[in-house]
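Visitor: I would like a close look at a single part of this structure, explained slowly and step by step. Could you choose one region, take me through it, and then show me how the rest of the chain is arranged around that choice?

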Amino acid sequence: MVHYIGSKATFEMRPETQPWIGYSDSDTGLVEQSIVGDELQQQRSAASPRVSTFKEWTDKIKFSSDMDSPHEEPSAPAEMPVSGPSSQHITPGTEEEANPQSDRAGTSQKRSTKGKEPLKRKSTSLKEKSKKKKRSSVRRAPRPNYTVQHGEDMLLIISNINQFDSVWKPKRRGSRRKKTKTKITPVNRRRNPTRPRLSKVTEEASVNVEHAESADWGHSLPVEVLVKIFELAVLQDGAVPFLCRVGRVCRLWNSAASSPSLWRSVSIGYCWIEPGKSQLPGTEQKIRNTINWLAQNRFSQLRDFTLSHWKKHVDYVVQVVAESCANLQSLKLSYCMGVTKEAFQNLGTACPSLESINVQHTEFRDDGLISFLETNGNKLKRLFLTRNSKSEKLLSVLCRGCCPELRLLEINTKLDSGYCPLPICIQALQVGCPKLQIFRLMNVSPIPKMIRNTPSSTPGFPLLEELCIASSAHSLLTDLDLLNVLHGSPQLRVLDLRGCSRVTAMGLYSLPCEDLECLYWGLYFNSNVMVASNKGIHMLTQKWSSTLRELDLTNQPFTEEDMEIAMGHLAHSPGADAFRSLNVSGTKITSSALRLLVAPATALSYLNLSSCRYLPRGLKRVYRGQEDIQQLLDKL
């Protein structure tokens with residue numbers, strides 16, 4: 001074994017059975033090898049003369065190996081392939097001594113005791129390595145990166161490369177896939193430059209295509225075109241978060257997204273924290289800073305503002321929007337909590353154009369909205385409320401005439417609330433809101449209420465066009481109550497009485513509404529309550545045959561003869577070609593009655609025949625579209 005310090009090296013001799021070892025150190029540039037053989041150890045102990053030249057030294061090794069074991073192969077060839085660019089293996093031998101017979105006898109005894117199997121294994125492994133190294137040398141010839149020098153009692157193989165140089169090493173046995181990759185890459189490189197020759201026209205076209213792909217098309221569009229495109233997206237998805245995301249694409253898109261005309265309708269949901277988690281002081285300050293920045297830089301032309309599912313900072317947001325948006329026309333607070341009178345304190349004076357307030361499903365801590373209606377309700381035109389503990393106070397404010405310009409009034413509640421009575425003085429409301437056009441009581445059952453100093457006879461709602469008293473539960477509305485509401489409404493177009501089981505066909509026939517277009521009179525609740533009307537539907541279709549466009553009679557117990565007469569009136573009317581929707585689910589309509597209406601109603605696009613027991617199988621379903629309905633007509 002060679003030991004070195006700096007540029008010096010010494011030999012440590014080992015028995016002959018140990019294999020030779022070669023290794024390199026790139027830091028020092030020295031390659032050390034151990035020379036095997038007992039003869040060298042004995043030669044060194046006897047102070048034998050040195051080998052003067054490299055050729056004589058190798059000849060001595062060959063001669064000694066042939067004399068020792070002529071019938072065996074040498075442990076290693078004279079010239080081995082280099083294991084690396086910085087090392088070279090040299091097979092050492094033994095020198096002859098004065099008594100070669102004793103040497104042969106000693107070596108044969110050692111070989112017989114230790115056996116030949118280890119030597120065979122070593123020789124086979126060396127052969128395999130030599131084969132692999134020869135293959136690698138065929139692919140790439142090794143570079144002479146070493147120098148052989150003579151020392152006093154040794155040979156030095158000195159490397160000529162540094163530790164920073166790239167050294168090529170043979171591949172390992174497990175890296176066969178990498179060899180295939182290295183073989184494929186030069187083939188691809190040779191094929192890439194060889195391209196088929198193209199004509200000048202095709203070359204110019206390819207150059208134009210590459211130039212068009214590389215060019216930034218976004219910078220070439222005018223800002224006005226981008227604004228028009230963004231307007232279509234805002235109408236469908238809203239300004240937030242669409243404009244916020246688009247503004248981060250590039251400077252051109254940012255300038256287009258900053259156009260005040262795109263920020264006229266904004267809806268902000270609660271997205272700063274997860275539900276059920278509290279806010280940190282830093283988060284609250286970020287929320288306020290965001291609202292301030294939007295109000296100052298984006299809300300200059302804001303018209304409609306919606307705040308949904310906010311539990312904190314509602315008052316602060318409404319105040320900032322009111323101070324920065326003088327053109328605000330609509331304010332919607334949906335499912336918000338903790339609203340106080342401070343939210344409506346400056347709303348009336350700062351926003352003189354405010355016409356609509358929607359506070360459905362929003363909780364109020366005090367009577368801030370009531371005070372706002374009393375002082376600034378004279379300009380309000382649309383009001384959306386939810387039935388709660390303050391509903392009666394709000395209705396009393398409306399009955400006193402605080403909102404004379406009111407056009408739309410909607411009071412609703414949740415669908416799963418069941419029976420929700422609401423006391424209303426219809427006469428006082430008709431006096432306080434004479435210009436009411438749309439009156440909706442969604443899932444609320446009105447109960448007549450009397451107020452002092454209210455006249456018994458009123459002009460009603462002369463401008464009323466839509467009345468909705470729909471309920472998913474049982475309603476207590478009667479014919480007399482309905483007449484008190486509509487006795488002065490000749491312009492009524494839409495009448496929604498879903499769930500009103502106590503209203504009869506005769507009561508509807510006596511209404512002063514001659515141009516009714518939509519009648520929704522279906523029963524959608526599961527109840528054992530007796531229905532007041534089971535005949536007379538033909539009178540209604542005869543009265544409104546020329547104007548009726550949509551009809552809903554779900555689960556009404558009219559007879560099959562009455563239904564056939566009613567469909568005949570609609571089919572033979574001059575407005576049959578304009579009839580659009582029919583819902584007769586759960587009724588006793590027959591195929592003959594259905595055939596009378598479907599044939600002339602060319603504009604019919606919705607037909608519900610589910611649960612109709614008097615129809616054959618295969619027809620009892622919902623039909624949507626004129627093509628689907630035409631196929632039904634072919635079957636009929």
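Guide: A word on burial has to come before anything else: a residue counts as buried when its relative accessible area is under 20%, as exposed when that value is over 50%, and as partly exposed in between. Please also keep in mind that what you see is a predicted model. The part I have chosen is helix α14, which covers residues 368-376, and in this helix G368, L369, I370, F372 and L373 are buried. As background for reading such a list, an α-helix has 3.6 residues a turn, so residues three or four places apart point the same way. The buried residues of α14 pack against α13 (347-350), β10, β11 and α15, and these partners give us a route through the region.

Let us begin with the strands. Strand β10 (residues 356-358) pairs with β11 in the parallel sense, over three bridges, and within this pairing S356 has R382 of β11 as its bridge partner. To get from β10 to β11 the chain passes through α14 itself, and this β-α-β crossover is right-handed. Strand β11 (residues 382-386) has four of its five residues buried, so it is largely enclosed by the rest of the structure.

On from there, β11 also pairs with strand β12 (residues 408-412), again in the parallel sense and over five bridges. R382 appears here too, standing opposite L408 in β12. The chain travels from β11 to β12 by way of helix α15 (residues 391-399), in a β-α-β crossover that is right-handed.

The helices of these two crossovers, α14 and α15, also pack against each other, at an angle of about 5° and with their axes 10 Å apart. An angle under 35 degrees counts as roughly parallel, and that makes α14 roughly parallel to α15. From α14 the contact draws on L369, I370, L373 and E374, while α15 contributes K393, L394 and V397. Sorted by class, this contact of α14 with α15 has five nonpolar residues, no polar ones and two charged ones. If you compare the two lists, L369, I370 and L373 are found among the buried residues of α14 and also in its contact with α15.

Having followed one helix closely, we can look at a related arrangement elsewhere in the chain. Strand β8 (residues 304-308) is largely enclosed by the rest of the structure, because four of its five residues are buried. On one hand, five bridges join β8 to strand β7 (residues 265-269), the two running parallel, and G269 has S308 of β8 as its bridge partner. On the other hand, five bridges join β8 to strand β9 (residues 330-334), which also run parallel, and here D304 stands opposite S330 in β9. The chain crosses from β8 to β9 through helix α12 (residues 314-324), and this β-α-β crossover is right-handed.

In the loop between β9 and α13 you will find Y335. Although Y335 is not a glycine, it has a positive phi of about 55°, and at 38% relative accessibility it counts as partly exposed. Another backbone detail belongs to the loop between α8 (223-237) and α9 (242-246), where P241 lies: the peptide bond from V240 to P241 is cis, with omega near 10°.

For another pair of helices, turn to α20 (residues 560-571) and α21 (residues 591-598), whose axes come within 8 Å and cross at roughly 10°. These two helices are therefore roughly parallel to each other. M563, E564, M567, G568, L570 and A571 of α20 make the contact with S592, A593, L596 and L597 of α21, and these residues divide into seven nonpolar, two polar and one charged. Helix α21 also holds S591, which is buried, with a relative accessible area of 18%. Leaving aside neighbours within four places in sequence, S591 is in contact with Y614, L615, P616 and L636.

Finally, here is the setting for all of these parts. The chain has 636 residues, of which 40% count as buried, and its secondary structure comes to 22 helices and 22 strands. Among contacts with a separation of 6 or more, 73% are between residues 24 or more positions apart.

Definitions and conventions:
Residues numbered from 1 in each chain as written. Predicted model: local features only at pLDDT ≥ 70, side-chain atom pairs only at ≥ 80, totals over all residues. Heavy atoms only, no water. Axes fitted to C-alpha atoms, helices over the stretch in contact; angles between N-to-C directions. Parallel < 35°, antiparallel > 145°, perpendicular 65-115°, else oblique. Contact = heavy atoms within 4.5 Å. Nonpolar A, V, L, I, M, F, W, Y, C, P; charged D, E, K, R; others polar. Buried < 20%, exposed > 50% of the residue type's maximum accessible area, 1.4 Å probe, protein only. Pairing = 2+ DSSP bridges. Right-handed = clockwise from strand over helix to strand, strands pointing away.
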